[in-house]
Every structure is written in structure tokens, then in C-alpha cells.
Amino acid sequence: MSPIARYPRASSAAAVVAAALLAHWPGLRAGYVLDDETLLAANPYVRTLSGLRVLLTSEFFAATARPEYAAQYRPVSGALNWLSWQLLGGSPAAQHALNLVLHAAVSVLLLAVLRACGVRRGIALAAAVLFAVHPATTMDVSYAEGRQDLLAWCFVLGVALAVFRWRSPLALAGASFVGTLLATHCREPFVASFVGPAMLAWGLKPREPRRALGVAAGGVASFAVTMALRALVVTTPSDSPNWSVGGGFAAAASSMVRLAKDVILPTDLSLMLTPPAFGLALGLLVACALVASVFASDRLLAARAPAMRPLAWAAWALLAGQSALTAIVVLKFTTLSDRYAYGFVLCAAMLGAAMAEALPPPRPVLARAVAAGIAALVLAIAPLTWARATDFRSEATLQAAMVDERPDDPETQIAEGLGLLARGDVEGAYPHCAAFAAARPQSDRPAFCMGLWELSHGQACAASKRLLPYTLARPAYAGARGAALEAARQCGDLEALRELGPARP
């Protein structure tokens, strides 16, 4: 295959963009939900040039409308929010259009990577189109702050393309360093994303190990710089999850099974959910099944399509990184968001394209039938994506969707409780918040809700103990601060009053 033939035609790229637009246009009507208001719509730092400096030099959630202290440093995401506000203003439709453009860019870059790997045009186009319209990609498009992942994947796939364009190990090290550093400062989980492009470089023919070493060296250097920057900027202690080998296997297996289900049968997508509980034995069983799948796919490709092995290695490597991320999230928060399915769908598209290359080229009549079947599949699943996008119209529609999907899940309980609290119904909110607190005793999310209830029922000292740490972590939350001060005053808690003192800058 000639070098020119290895890159997507304009018509193929246009088809992928059209598919993304077809599937995600309802997202243009989404509102500001979840963190959108705090990080973007009401954030004073996205409005001024001096605010950009704060976004680049502060913890991500500290430079917001309501500062919170979290050990996260994402200057690239902050700069993207600043730039989008300068160009697009506060229009939700315009801000969501940017997300749709980024998702289309990821889809086209996926197409380019598949073609650069030598995947046949029809297979590459089918994989990219199915990724572009997949319902599990909806949250990253319809939730404005999902752009953090979208931009990061652009950088990761850009590094993968550099593997095919450049042969110099030094140039590849530079591309890997820059791409990984930028992706990591969109969201921290991309810190090891260079492993996928490194696997691509390792498998290229003729074998030149120095190219893979260049990619790996750039990624490791990026990690070192990331740690140095975090040491300078991040002041909030990072809470470590309760880690154990058995717990890690169980958490990784649980999240993988859930997210794999999102890829294969995306009819039960949720904003937040409690993943299925896996023990060590079941976790090891899933791990063994995964290893067997990796080995079987590699043996099949070695026999039928050896040129596709690097693509499969890259997909498995990226999938392993995504699984490690979700395991950490599950261990730390005992919850999971289907937002993480975006990376799983992308890896599945890469792996599916590689495995499809192991099939013999179909005859023309059969090829047309397969193309018609894929087109029908796209049209069949697009309504699922539209329906999911409509859930993001407002906080109320998201909450209603959670209640419909899994009413007894702790994540649904806290969403219901906080929704009632926002409407001033403390009595109605309390049972939901208490149910979440019983299931998630380490989380402070229900503290304000429960503290207000305790304060209104004459339990000022209990309320003070609950509200103080919540308020200190969110110094700009005036409502929480006022409640904490009142609880401390009624309880006579002088220590709490001293700690609340002047607001933390």
C-alpha cells in the first residue's frame, strides 16, 4: 500500500464527521449540568486575561466560581475553557458545538490511525463511523466539561500518527513528550497514554526498536515533568484509595465488565452508578479471561493478519490503562461513571478493525451487503444516542433519568437528595442523603444536606462536626459556611469558629 493510500480520503473523513453530527446534534440543545456551571458558565476566571494566569497556575477546581480543593492540576483544560469563552461566550449551544467538533476530530483521527496501520478503507471507515455514533460517547459530548477527555484523546491519537510519519527516535520522543504532557494536563489519567503509541512503534516493520524507545522515553519524561509541576502547584493532599491486590483485581474486573457492557449493549447508560460487587475469585476469573482473549487475538492475527498485531497491541495497552483508571476510581469512590466508556469504545473500535482484517476480503456483492448492514446499524443505534443526549437538557432531566434507570442506587439517592435540597426541601432530602451516607461513609457529599437537617432539629453539635470539614473544603460555598457558623455558634464550638475564621483564599 502506498503512503498516500494509507491516509483517509476526504470523502471518508467527511462521512465520519457527518455520522458524528447525525448522532450528536441533540447535544447542541443540552444545558449546563454537573460541573459546567462552576467550571465554565459562572467561572470569573474564564472572562479575563488575568484569569487565564490563574487557570494555568492553580489547582483545577480552585480557580472556579466556587473554589474547592482537590489534588488536580489541569491547565490545558482550564485554558480550553478560557479560550472557548473568549470565542463563544456563554451560549450553551455554542459551547456544546465545540464538544461536538472535538468528538468529530477524535473520530477522524481514529480513522487516520487505522488507515496508517494499513486497515482497509471500508473496515477503517466502518470502525470510525460506529465509534462516532456510539451511545456511550454521548456524555463526553453533551456534558460541556467532557471536552477534557475529547481534547486529550486528540493528543494521544496525534502521537500515534507521529509514529507513522517520523522515523527519528528524537523526533518521536519530542512528539510523545509534548502530546502526553498536554493530554495529562487535560486529565490526569492520560499520564500513561504513551504506552499505546509505543506499542505501535514497536511492531512496525522493518523493526526499529529505537523508535519505540523514543516514544517511551518521551512519555516517561512527560511523567517526570508532570510530577514536578504538581509538586509546585498542587497543595491539597491527595487521598489514596484503600488499595490491596485482591481489591485492585476485583475493582478492575468489576469496572471492565460494566464498561464492556456499555460498549456491546449500550441500552442502560447512567451518569453515575455503583458497579457490580466482585470478589477476588471472580476478579481473577475476569483477568484470566482477558489474558486468554489477548493471547487468542494475537495468535489469530499472527496467522491471518500479522501487520495488524501492532494495532491490537496498542488497543490492548490503552484498554489496560483505562481499566487501571477505572479501578482506582472504584476503589477511591466506590462508584463509576459511564463517562469512562468513551475510551473503551475507542479501544474496541481499534481492536475490532484489527480483527476484521483477519477476515478474507469479501466478494463485491457481499461487500455491498456488509456496507448496507453497517449503515442500517448506524441508523438503528443513532436514536439511542439521541435519547441519551436529551437527558442532559438540565439537572432535573439528568436526575429523572437516574431515578428511572436505577432508583435504589446510592448515586441516585444522593442526586435525588441534593435535588430536593436545592429546592429548599430539607426534610424530603434527608432520607436520601442518609441512605447515601450509609452506603458511602467516607464521602462528604451528603454532609451539607444532613448537617442542615441536624441543625434544624436541635442537633447543633452533630451538625457542626459534619459541616466544618465540608465547608473548609469548599470555602466559597456561602450557604455551607453560613450553616457551619450557625451550628458552631449554637453548639459553642469555639475551635470550629476559629477554623472557619476568614475565608480561605
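Is L34 buried, partly exposed or exposed? The first view gives the answer. The model is predicted, so local features need pLDDT of at least 70, side-chain atom pairs count only at pLDDT 80 or more, and totals for chains, interfaces and linings use all residues. Residues are numbered from 1 along each chain as its sequence is written, and side-chain values use heavy atoms, with hydrogens and water left out.

**View 1. L34, a loop residue with positive phi.** L34 is partly exposed, with a relative accessible area of 28%. Buried means under 20% relative accessible area, exposed means over 50%, and partly exposed lies in between (1.4 Å probe, protein chains only). L34 sits in the loop between α1 (10-24) and α2 (36-41). Helices (H or I, at least four residues) and strands (E, at least two) are DSSP runs, numbered from the N terminus. The phi of L34 is about 55°, although L34 is not a glycine.

**View 2. The largest cavity.** A probe the size of a water molecule, rolled over the atoms, shows where empty space is left. A cavity is a set of points, on a 1 Å grid over the protein atoms alone, where a 1.4 Å probe fits but cannot get out; lining residues have an atom within 4 Å of a point. Grid points are joined across faces, edges and corners, and a volume is the space filled by probe spheres set on the points. Four cavities of 30 Å³ or more are counted. The largest holds about 60 Å³. Its lining consists of D149, W153, R187, P189, F190, Q322, L325, R339, Y340, Y342 and G343. Helices α8 (147-165), α14 (309-333) and α15 (341-356) each supply at least two of the lining residues. Six lining residues are nonpolar, two polar and three charged. Here Ala, Val, Leu, Ile, Met, Phe, Trp, Tyr, Cys and Pro count as nonpolar, Asp, Glu, Lys and Arg as charged, and the others, Gly among them, as polar.

**View 3. The second largest cavity.** This cavity holds about 40 Å³. It is lined by V113, V156, L157, A160, G196, P197, L200, A314, L318 and M350. Two or more lining residues come from each of α8, α10 (195-203) and α14. Nine lining residues are nonpolar and one is polar; none is charged.

**View 4. F131 in the largest nonpolar core.** A nonpolar core is a set of buried Ala, Val, Leu, Ile, Met, Phe, Trp, Tyr and Cys residues joined through side-chain atoms within 4.5 Å. The largest core has 87 residues. V106, L114, V119, F131, W153, L311 and M350 touch the most other members. Beyond its neighbours within four places in sequence, F131 is in contact (heavy atoms within 4.5 Å) with H103, V106, S107, L110, T137, Y342, V345, L346 and A349. Another core lies apart, with 24 residues, among them L421, L455, L468 and L500.

**View 5. Helices α5 and α14.** Helix α5 (residues 92-116) has 25 residues, and its end C-alpha atoms are 36 Å apart. That agrees with the expected span of 36 Å at 1.5 Å a residue. The expected span is 1.5 Å times one less than the number of residues. G118 follows α5, with a positive phi near 95°. For α14, also of 25 residues, the expected span is 36 Å, and the end C-alpha atoms are 36 Å apart. Of its residues, 18 are buried, so α14 is largely enclosed by the rest of the structure. Just after α14, T334 takes a positive phi of about 55°.

**View 6. S254 and S270, two buried serines.** S254 lies in helix α12 (residues 245-264). Its relative accessible area is 3%. S254 touches P275, P276 and F278, not counting residues up to four places away in sequence. S270 lies in the loop between α12 and β1 (272-273). Its relative accessibility is 0%. Leaving aside neighbours within four places in sequence, S270 is in contact with R258, D338, R388, E405 and R406. S270 and R339 are 69 residues apart in sequence and 8.8 Å apart in space, C-alpha to C-alpha.

**View 7. H185, a buried loop residue.** H185 lies in the loop between α9 (169-184) and α10. Its relative accessibility is 3%. Neighbours within four places aside, H185 is in contact with Y73, R74, P75, V76, S77, T226 and L229.

Notes. 1 Å grid on protein atoms, 1.4 Å probe; cavity = no way out; pocket = protein on both sides within 12 Å on 5 of 7 lines; lining within 4 Å.
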